[in-house]
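Subject: Structure handover

Hello,

Here is the structure for you to look through. My notes on it follow below.

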Amino acid sequence: MNKILIITHTGDNFSIEKVTEYIGKNGCEVIRFDVDLYPLKNKLSTRFEDGNWMTILETPEKKYRLDDISAIWYRRAYNMANGLKEEIDGKFLGAALGEIRNTLFGFFESADVYSLGKPSVYRRLDSKEEQLKIADKIGLKIPETCITNNPEEAKNFVLKHQNVIAKMQTGFAIYEDGVENVVFTNVITAEKLEELDTLLYCPMQFQKKIEKKKELRVTIVGRDVYAFEIDSQQSERAKIDWRKDGVNLIDKWIPTELPADIEAKLLELLDVYHVDYGAIDMIVSPEDEYYFIEINAAGEFFWLDNLTEDNRISKSIADVLCDKALRRNNRVLV
């Protein structure tokens, strides 16, 4: 029986169970590695002896051989080494966390099997600049863009385009008095130009604001394309960034069809990156022009999966992992 290793954490959502269910229906076994339980509860060992490599994962429930797995789904690596800071002297914590991260990522990268996602792939896709350059090169429309820490460059861009949005290139939240404040996309007006002086401390991405007829979330698994649209302008809070009212809009998404040329270019985008999963954000203008905004290497899909018949996105993920669907070969040694 083929074994599929899923890298995730104990707080992940139900999509793991759905994919696991379909993997079982494909006649494969799932091994779940929750990284927040490593190293205090999960133990990982790799040995090279007598000309052979062997890797063993010990969880609180069972011991597994990982050197004979057939595929990996690198889903999440959140909350790694949970609880460690309470167990060791603080002066050793930074070094220990570095070794833990290096050991885990070293195994994930070196496993000579098909992998749906890798740490190195996620790091590459962190570059919004490269995403936009590739999208432009393959013929997708992108907004006028400026990425800078130079206040004068930003001010000139805003004055030239007037209607400009600003956003960070990474998703994060600011915690103040125990309250999480997610940093969303915001509009920059001429009245806010002086605030841009703080760019000296941290760069930002600026783009000409695209008027929205609708927003798209396109989830691609292998060669399967799942496109959904939403009229984000129906909500005052969601007009600039639909995530601001994401909970109330979660059941407002509807399946949609992409123009053939747009779908072909999005598949080409995944070909360029040599990945089999991408969650792509797009805007359709009132003139029916399709603008590429970004691709998320591990973007969430569960709320859209629930809008498909029998959770088809989860099935596509399982089929790719079990080698029952077309996939891009990314083994270490081909």
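Are K214 and E229 buried or exposed? Both K214 and E229 are buried. Please keep in mind while reading that this is a predicted model.

**Salt bridges**

Side chains of opposite charge can pair when their charged atoms come close. K214 and E229 are such a pair: they form a salt bridge in which the closest N and O atoms are 2.9 Å apart. K214 sits in strand 14 (residues 214-221) and E229 in strand 15 (residues 224-230), so the bridge links distant parts of the chain, 15 residues apart.

Strand 14 also takes part in another salt bridge, through R217. The partner of R217 is D281, and the N to O distance between their side chains is 3.0 Å. D281 belongs to strand 17 (residues 277-284), so this pair ties together parts that are 64 residues apart in sequence. Both D281 and R217 are buried.

Some salt bridges share partners, and in this way D12, R75, R76 and E300 are joined into one network.

K209 and E211 make a further salt bridge, at 3.1 Å from N to O. E211 has a relative accessibility of 41%, and because buried means under 20% and exposed means over 50%, E211 counts as partly exposed. The count of salt bridges comes to 27.

**Nonpolar cores**

The largest nonpolar core contains 51 residues. Which residues have the most contacts inside it? They are L104 and I280. Leaving aside neighbours within four places in sequence, L104 is in contact with F33, V35, Y38, L44 and M80. Another core, of 28 residues, lies apart from the largest one, and its members include I16, F301, I317 and V320.

**Two helices that pack together**

Helix 1 (residues 15-25) packs against helix 9 (residues 312-321), with the axes 8 Å apart and at an angle of about 50 degrees. That angle makes helix 1 oblique to helix 9. The crossing of the two helices is right-handed. Where do they meet? On the helix 1 side the residues are S15, K18, V19, Y22 and I23, and on the helix 9 side they are S314, K315, I317, A318 and L321. I317 also appears in the core of 28 residues.

**A buried lysine**

K128 is found in helix 4 (residues 128-137). Is K128 buried or exposed? Its relative accessible area is 12%, and the cut-off for buried is under 20%, so K128 counts as buried. Beyond its neighbours within four places in sequence, K128 is in contact with Q169, Q205, E294, I295 and N296.

**A buried tyrosine**

Y64 is in strand 5 (residues 63-65). With a relative accessibility of 16%, Y64 also falls under the 20% limit and therefore counts as buried. If neighbours within four places in sequence are left aside, the contacts of Y64 are E29, I31, T55, I56, L57 and T59. How far is the C-alpha atom of Y64 from that of A297? The two are separated by 28 Å, and along the chain Y64 and A297 are 233 residues apart.

**Backbone details**

Three places in the backbone are listed here.

- Y38 and P39 are joined by a cis peptide bond, with omega at about 10 degrees. P39 is in the loop between strand 2 (29-34) and strand 3 (43-49). Y38 is also one of the contacts of L104.
- H274 is not a glycine, yet it has a positive phi of about 60 degrees. H274 is located in the loop between helix 7 (260-273) and strand 17. At 39% relative accessibility, H274 is partly exposed.
- D288 is a residue other than glycine with a positive phi, near 65 degrees. D288 lies in the loop between strand 17 and strand 18 (290-296). Its relative accessibility is 43%, so D288 counts as partly exposed.

Strand 17 thus comes up more than once: D281 lies in it, H274 is in the loop between helix 7 and this strand, and D288 is in the loop between this strand and strand 18.

Regards

Notes. Residues are numbered from 1 along each chain as its sequence is written. This is a predicted model: local features need pLDDT of at least 70, side-chain atom pairs count only at pLDDT 80 or more; totals for chains, interfaces and linings use all residues. Side-chain values use heavy atoms; hydrogens and water are left out. A salt bridge is a side-chain nitrogen of Lys or Arg within 4 Å of a carboxyl oxygen of Asp or Glu. Buried means under 20% relative accessible area, exposed over 50%, partly exposed in between (1.4 Å probe, protein chains only). Helices (H or I, at least four residues) and strands (E, at least two) are DSSP runs, numbered from the N terminus. A nonpolar core is a set of buried Ala, Val, Leu, Ile, Met, Phe, Trp, Tyr and Cys residues joined through side-chain atoms within 4.5 Å. Contact means heavy atoms within 4.5 Å. Axes are lines fitted to C-alpha atoms, for helices over the stretch in contact, and angles run from 0 to 180 degrees between N-to-C directions. Angles under 35 degrees count as roughly parallel, over 145 as roughly antiparallel, 65 to 115 as roughly perpendicular and the rest as oblique. A crossing is left-handed if the near helix is turned anticlockwise from the far one by less than a right angle, and right-handed if clockwise.
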